[in-house]
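Student: I'd like to learn how to read a protein model, one feature at a time. Can we look at one together?
Tutor: Sure, let's bring it up and start with a single residue.

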Amino acid sequence: MSTYEKLSKATPFQTAFDVDPATGFMPPEPPLRRLPQAWEAWEVLLDEAIHKRLAPGDKVGLTMAEATQSERWRASLRAIPLISTTELLVDDEPALARRAHVVLTFLLSFYIHTLPPRSSILIPKPLSIPLLQVSNHLGMPPVVTYSDTVLYNWELQESVRNGDATPGCSSCPATTCATLNPATARASFLSENIRAQTTFTGLTDEEAFYETSAKIELRGVEALDIMRSTMDELFVSDSIAVTRVTKLLQRFAVVVADLKKILLDIRPLCDPERYYNDVRPFFRGEDSSHEERRWVFEGLEEYPDLVESGVTKELSGASAAQSSLIYALDAFLGVKDVRSSSFMARMQKYVPKNHRLFLDHLADSSRPLRSFVMDRADGQDGQELKDAYNASVNALKEFRDGHMIIAALYIVGPARRARNRLQDPEETKKLKERSLKGTGGTDMVKFLKGVRDQTKHTMISPVVV
Ligand code: HEM
């Protein structure tokens with residue numbers, strides 16, 4: 001029996017797939033803040049890179065002092081010994097391997113993206129081998145992913161860590177909350193008290209960027225809960241299922257509308273120019289660089305198991321397109337072709353292993369919601385059911401409209417301004433090509449529009465919203 005079969009047969013809907021009832025795709029407890037002493041050399045190098053504010057090697061106006069400082073840092077990374085990962089990669093302590101992936105992929109981004117723009121990319125052995133071993137163990141690519149910047153990169157604010165804050169949502173304490181179930185109340189509490197743990201730049205704009213995604217994940221906990229209840233209803237499918245599913249979908253639409261609001265609320269917290277020029281360059285993967293430079297992992301050939309594993313095949317940059325939550329919403333509502341598009345299918349490889357299994361489980365449902373709604377649409381209360389379904393799909397379409405506004409604000413605008421500052425036509429052309437690519441390597445505008453339209457076409461006509 002495959003792991004997938006074991007997980008999906010033997011255990012309840014969520015916990016088996018590392019999907020927590022209270023925190024969804026985020027782990028229930030704050031991730032490890034620092035690796036134990038044996039791997040301190042990596043943590044120290046990361047502290048230094050952040051503290052020294054190492055700048056991307058292709059930053060416009062990079063000073064000689066900045067370039068020299070980065071080169072010194074890279075030399076000190078090359079000089080550390082190759083540290084064994086054996087004791088990190090233990091199945092009963094996944095937090096160790098996850099923190100190692102965060103630290104090593106941040107070091108990788110610093111190493112590669114502070115290099116001069118035209119130099120070749122040789123990732124030194126003290127970094128390449130542990131990174132490949134940890135990634136192979138986790139079933140993740142050896143590159144910074146959404147799980148490194150968001151899912152396994154948070155802590156509680158100091159006041160909460162010191163026990164000064166009351167656990168509760170903004171309107172009432174969790175323990176006595178009348179409107180939220182305990183799991184949703186905990187998600188709401190975390191959302192208000194979460195902060196990002198590790199950043200490239202130390203800028204609050206970068207923290208806000210990760211925290212926005214984390215808040216979306218936490219608000220999505222209620223959506224996951226509704227999905228579970230709906231799937232139970234579809235399974236039983238008795239005479240009152242239509243009424244219950246209608247109510248669940250009405251709630252679902254409200255949650256998805258909140259996701260859009262959280263996304264748009266990023267605007268006062270994260271400055272588009274700072275995001276584009278200071279933070280985003282560190283997210284680039286092998287395929288989002290304007291110069292086509294291969295990433296070479298030094299020493300790989302000495303480890304036949306790593307060569308065979310194919311762990312170096314996926315090297316795209318970090319993108320919130322790696323959020324399992326949004327795929328889960330698509331799968332539940334039956335938005336077609338999103339996961340099967342080649343980019344989205346590839347992005348699944350950048351999602352933690354068990355979350356991937358969860359998404360497969362959802363997509364393979366033998367009782368799809370959309371068919372249920374279509375089959376019942378002409379029956380008693382069918383119109384209300386269809387309206388609730390369409391309102392949910394419409395809310396997701398509006399989330400994607402909002403997301404396109406954000407992508408324009410944070411990428412298209414700053415990219416145009418960066419181009420306007422350049423004099424050299426050849427450089428301008430290159431920058432134009434680069435800027436229209438997402439960090440995941442897509443032709444951004446066309447891709448985002450396509451997914452948005454696909455969502456819109458999922459509504460069941462005639463539409464009454
Ligand atoms: C400043 C904030 C953001 C920017 C600039 C941005 C930009 C982008 C870009 C350029 C893409 C195209 C794929 C790629 O090549 O990377 C993308 C895709 C995507 N992003 Fe974002 N994004 C932002 C925030 C978020 C957040 C907070 C979420 C949700 C957690 C999110 C969810 C997605 C999803 C699910 C996709 C895949 C396309 C889709 O399903 O609509 N994004 N984003």
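Student: In which helix is T246 found?
Tutor: T246 is found in helix α10. Keep in mind that this is a predicted model.

Student: Is T246 buried or exposed?
Tutor: The cut-off you need is that buried means under 20% relative accessible area. T246 has a relative accessible area of 4%, so T246 is buried.

Student: Which residues does T246 touch, leaving out those up to four places away in sequence?
Tutor: With those left out, T246 touches E384, L385 and A388.

Student: How do I describe two helices that pack together?
Tutor: Two packed helices are described by the angle between their axes and the distance between the axes. Try α10 and α17: their axes come within 8 Å and cross at roughly 10°.

Student: Are α10 and α17 roughly parallel or antiparallel?
Tutor: Angles under 35 degrees count as roughly parallel, and α10 and α17 are therefore roughly parallel to each other. The residues of their contact divide into 18 nonpolar, 5 polar and 3 charged.

Student: And at what angle do the axes of α9 and α10 cross?
Tutor: Helix α9 (residues 204-236) and helix α10 (residues 241-264) have axes that cross at roughly 170° and come within 9 Å. Angles over 145 degrees count as roughly antiparallel, and that is therefore how α9 and α10 run relative to each other. Sorting the residues of this contact gives 13 nonpolar, 4 polar and 8 charged.

Student: How do I read the burial pattern of a whole helix? Which residues of α16 are buried?
Tutor: List the buried residues, then look down the axis. In helix α16 (residues 369-376) the buried ones are L369, F372 and V373. Seen down the axis, they fall within an arc of 95°, so they line one face of α16.

Student: What do the buried residues of α16 pack against?
Tutor: They pack against four helices: α9, α10, α13 (324-333) and α17.

Student: Which residues are buried in α11?
Tutor: In helix α11 (residues 272-279), P272, Y275, Y276 and V279 are buried. These residues cover an arc of only 125° around the axis, which puts them on the same side of α11.

Student: Now the metal. Which protein residue is a donor to the iron atom of the ligand?
Tutor: For a metal, look for the donor atoms around it. Here the iron atom of the ligand has a single donor from the protein, NE2 of H403, 2.1 Å away. H403 lies in helix α17 (residues 382-421).

Student: What about loops? Is Y152 buried or exposed?
Tutor: Check a loop residue just as you would a helix residue. Y152 sits in the loop between α6 (146-151) and β2 (154-156), and with a relative accessible area of 9% Y152 is buried. Not counting residues up to four places away in sequence, Y152 touches several residues, including P27, R98 and H355.

Student: Which loop residue has a phi near 60°?
Tutor: That's D18, a residue other than glycine with a positive phi. D18 is in the loop between α1 (3-10) and α2 (40-51), and is partly exposed at 36% relative accessible area. R53 also has a positive phi, near 50°. R53 is in the loop between α2 and α3 (64-79) and counts as partly exposed, at 45% relative accessibility.

Student: To zoom out, how many helices and strands are there?
Tutor: The protein chain has 19 helices and 4 strands, and of its 465 residues, 52% count as buried.

Notes. Residues numbered from 1 in each chain as written. Predicted model: local features only at pLDDT ≥ 70, side-chain atom pairs only at ≥ 80, totals over all residues. Heavy atoms only, no water. Buried < 20%, exposed > 50% of the residue type's maximum accessible area, 1.4 Å probe, protein only. Helix = DSSP H or I, 4+ residues; strand = E, 2+ residues; numbered from the N terminus. Arc of directions from axis to C-beta. Donors = N, O, S within 2.8 Å, 3.2 Å for Na, K, Ca; no water. Axes fitted to C-alpha atoms, helices over the stretch in contact; angles between N-to-C directions. Parallel < 35°, antiparallel > 145°, perpendicular 65-115°, else oblique. Nonpolar A, V, L, I, M, F, W, Y, C, P; charged D, E, K, R; others polar. Contact = heavy atoms within 4.5 Å.
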